[in-house]
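Me: I have a chain open here and want to go through it bit by bit. Can you take my questions as they come?

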Amino acid sequence: MPNVVVRALLAVLGTGLLVGGLLAGPAMADTLTTTPISSSGATAAQVATSLIGAGVTGPTNATFGSSATTAVGTFSGGSTAVGIPSGATMSTGLLASLPGNGIYDPSTSLSKPGDADLNALSGQTTYDATTLEFDVVPSQNSLEFSFTFTTGETDFYGQPYNDAFGLFVDGTNCAKFPNGQGVTLNNLLNPSNAANAITNTGLTLGIQQGSLSTVLTCHASVTAGSPVHLKFAVGDAADRYYDSAGFIASGSITSLIPTTTTYTGATGGPPGASAALSATLIDTDTGLPLAGKTVTFTIEGIHYTAV
C-alpha cells in the first residue's frame with residue numbers, strides 16, 4: 001500500500017504526465033460534456049428539477065450543502081461514457097476534469113468536509129463530499145432513479161480509499177449493486193460485482209476515470225402522497241486524492257404503477273390438471289431482471305367444455 005506521501009505524489013504526477021494524449025484518443029459516438037454550477041449559475045432547484053420524472057411532484061427545499069461549485073452540475077452527451085445521455089453529476093474533484101481521454105484518474109483536493117452518511121457507507125472518514133438534497137412527493141408507493149458511479153481509485157482496491165456514492169431516501173441508502181452491496185470502490189471492484197463493473201481501458205469511453213459501474217437503478221418503497229427527502233452524495237475516503245463521481249439520469253426519478261400484462265388462451269389439460277406459470281420482472285431502464293420482488297398472479301374464469 002502506498003504511504004500518504006507516495007500516493008499524493010502519484011496523484012500529482014498522474015494528472016500531468018498524460019496531458020499530451022488529449023489529442024490522440026479515439027473519436028467518440030457522443031462526447032461527454034459537464035457543466036458545473038460555477039459556470040452555469042444553476043441553482044440546486046434547477047439541477048434537481050432536471051431529474052424529476054413521471055409521477056413525482058417537486059422538488060422543494062433543494063440545497064447543495066457545502067459542496068464546491070466546481071464539483072456539481074449537469075452533464076450531456078454521456079451515453080458512451082457513462083451509459084446515460086444527460087442529467088445531474090457530482091464529483092469529489094473538478095467536473096471539468098471528467099470528460100476526455102488523455103489524463104488517467106484526475107485528482108483534485110477541494111478542501112471540503114466529508115459526510116457522515118458516506119462515512120457509514122464507506123467504513124472510512126470521507127473528504128471533499130459533494131451533495132444535492134431536496135424533497136419530492138411520489139404519487140405511488142414506490143420511487144426509482146437511475147445512476148452510474150465512476151472512480152479514479154482503480155489501483156487501490158482493497159485499501160482504505162473506499163470512495164462512496166450514496167442515494168439516501170429518507171436517510172436509507174438506495175444506491176446498491178444487485179447483490180445488495182453499497183456503491184463504493186471496493187464493492188465495485190469486488191469479483192462478485194463483475195457483471196456491473198466496467199474497466200475503461202485506454203480511456204476509450206471518453207471519461208478520464210479508470211473504473212465505472214453499469215447503469216444501476218434505485219428502487220425504494222415510500223408512501224404515496226407523503227414528502228420524501230432525497231440526498232445524493234459522493235465522497236473521497238481516507239484522503240482527498242483521486243476523484244470519484246456520480247451521474248444521475250435526467251427525468252429518472254419516477255413513481256409509477258407497474259405495467260401488467262394479461263395472458264389469455266393458455267392451454268392446460270383436462271379439468272383438474274395443473275400448469276406452471278412463471279414471471280420475471282424487468283427494469284425498463286436497464287433491461288435487467290429485478291431480484292427480490294414478489295409477483296402475484298390472478299386467475300380469472302377457468303373455462304372448459306365437456307365432451
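Me: Which backbone nitrogen does the side chain of threonine 184 reach?
Reply: That of asparagine 187, at 3.3 Å. This is a polar contact, meaning a pair of N or O atoms within 3.5 Å; within protein, one must be able to donate a hydrogen and the other to accept it, and residues adjacent in sequence count only if both atoms are side-chain atoms. Before we go on, this is a predicted model: local features need pLDDT of at least 70, side-chain atom pairs count only at pLDDT 80 or more, and totals for chains, interfaces and linings use all residues. Residues are numbered from 1 along each chain as its sequence is written, and side-chain values use heavy atoms, with hydrogens and water left out.

Me: Ok. Where is threonine 184?
Reply: In the loop between β8 and α6 (185-188). Those labels are DSSP runs, numbered from the N terminus: helices are H or I with at least four residues, strands are E with at least two.

Me: Is threonine 184 buried or exposed?
Reply: Threonine 184 is buried, at a relative accessible area of 1%. Buried means under 20% relative accessible area, exposed means over 50%, and partly exposed is in between (1.4 Å probe, protein chains only).

Me: And what does threonine 184 touch?
Reply: Leaving out residues up to four places away in sequence, its contacts include Phe149, Asn162, Asp163 and Phe177. Contact means heavy atoms within 4.5 Å.

Me: Phe149, then. Which ring does phenylalanine 149 pair with?
Reply: With phenylalanine 165, and the pair is stacked: 6.4 Å centre to centre, with 10 degrees between the planes. Rings of Phe, Tyr and Trp (its six-membered ring) pair if their centres lie within 6.5 Å; planes under 30 degrees apart count as stacked, over 60 as edge-to-face and the rest as tilted.

Me: How far apart along the chain are phenylalanine 149 and phenylalanine 165?
Reply: 16 residues, with phenylalanine 149 in strand β6 (residues 142-151) and phenylalanine 165 in strand β7 (residues 164-169). Phenylalanine 149 is buried at 0% relative accessible area, and phenylalanine 165 is buried at 0% too.

Me: How many aromatic pairs are there?
Reply: Seven. Ring pairs also link Phe134, Phe145 and Phe232 into a cluster.

Me: Anything charged sitting over a ring?
Reply: The charged end of lysine 231 sits over the ring of phenylalanine 168, 5.7 Å from its centre. The rule asks for NZ of Lys or CZ of Arg within 6 Å of the ring centre and within 35 degrees of the ring normal.

Me: Switching to the sheet. What is the strand order?
Reply: The order is β2-β5-β12-β7-β8, in an open sheet of five strands with antiparallel pairing. The edge strands are β2 (56-63) and β8 (172-173), each pairing on one side only. Two strands pair if DSSP finds at least two bridges between them.

Me: How many bridges join β5 and β12?
Reply: Nine, between residues 126-138 and residues 228-237. Valine 136 stands opposite valine 228 in β12.

Me: Any odd backbone spots?
Reply: Glycine 58 and proline 59 are joined by a cis peptide bond, with omega about 10 degrees. Proline 59 lies in strand β2. Aspartate 128 has a positive phi of about 50 degrees although it is not a glycine. Aspartate 128 is in strand β5 and is buried, at 0% relative accessible area.

Me: What touches Asp128 from a loop?
Reply: Serine 109 does, and serine 109 also touches Arg240. Serine 109 is in the loop between β4 and α5 (116-122) and is partly exposed, at 40%. The C-alpha atoms of serine 109 and arginine 240 are separated by 5.5 Å, although the two are 131 residues apart along the chain.

Me: Last topic, the core. Which residues of the largest nonpolar core touch the most other members?
Reply: Phe134, Leu230, Phe232 and Ile253, out of 36 residues. A nonpolar core is a set of buried Ala, Val, Leu, Ile, Met, Phe, Trp, Tyr and Cys residues joined through side-chain atoms within 4.5 Å. Another core, of 13 residues, lies apart from it, with Val82, Leu98, Leu212 and Phe247 among them.

Me: And what does leucine 230 touch?
Reply: Among its contacts are Leu132, Phe134, Val136, Phe168 and Ile253, not counting residues up to four places away in sequence.
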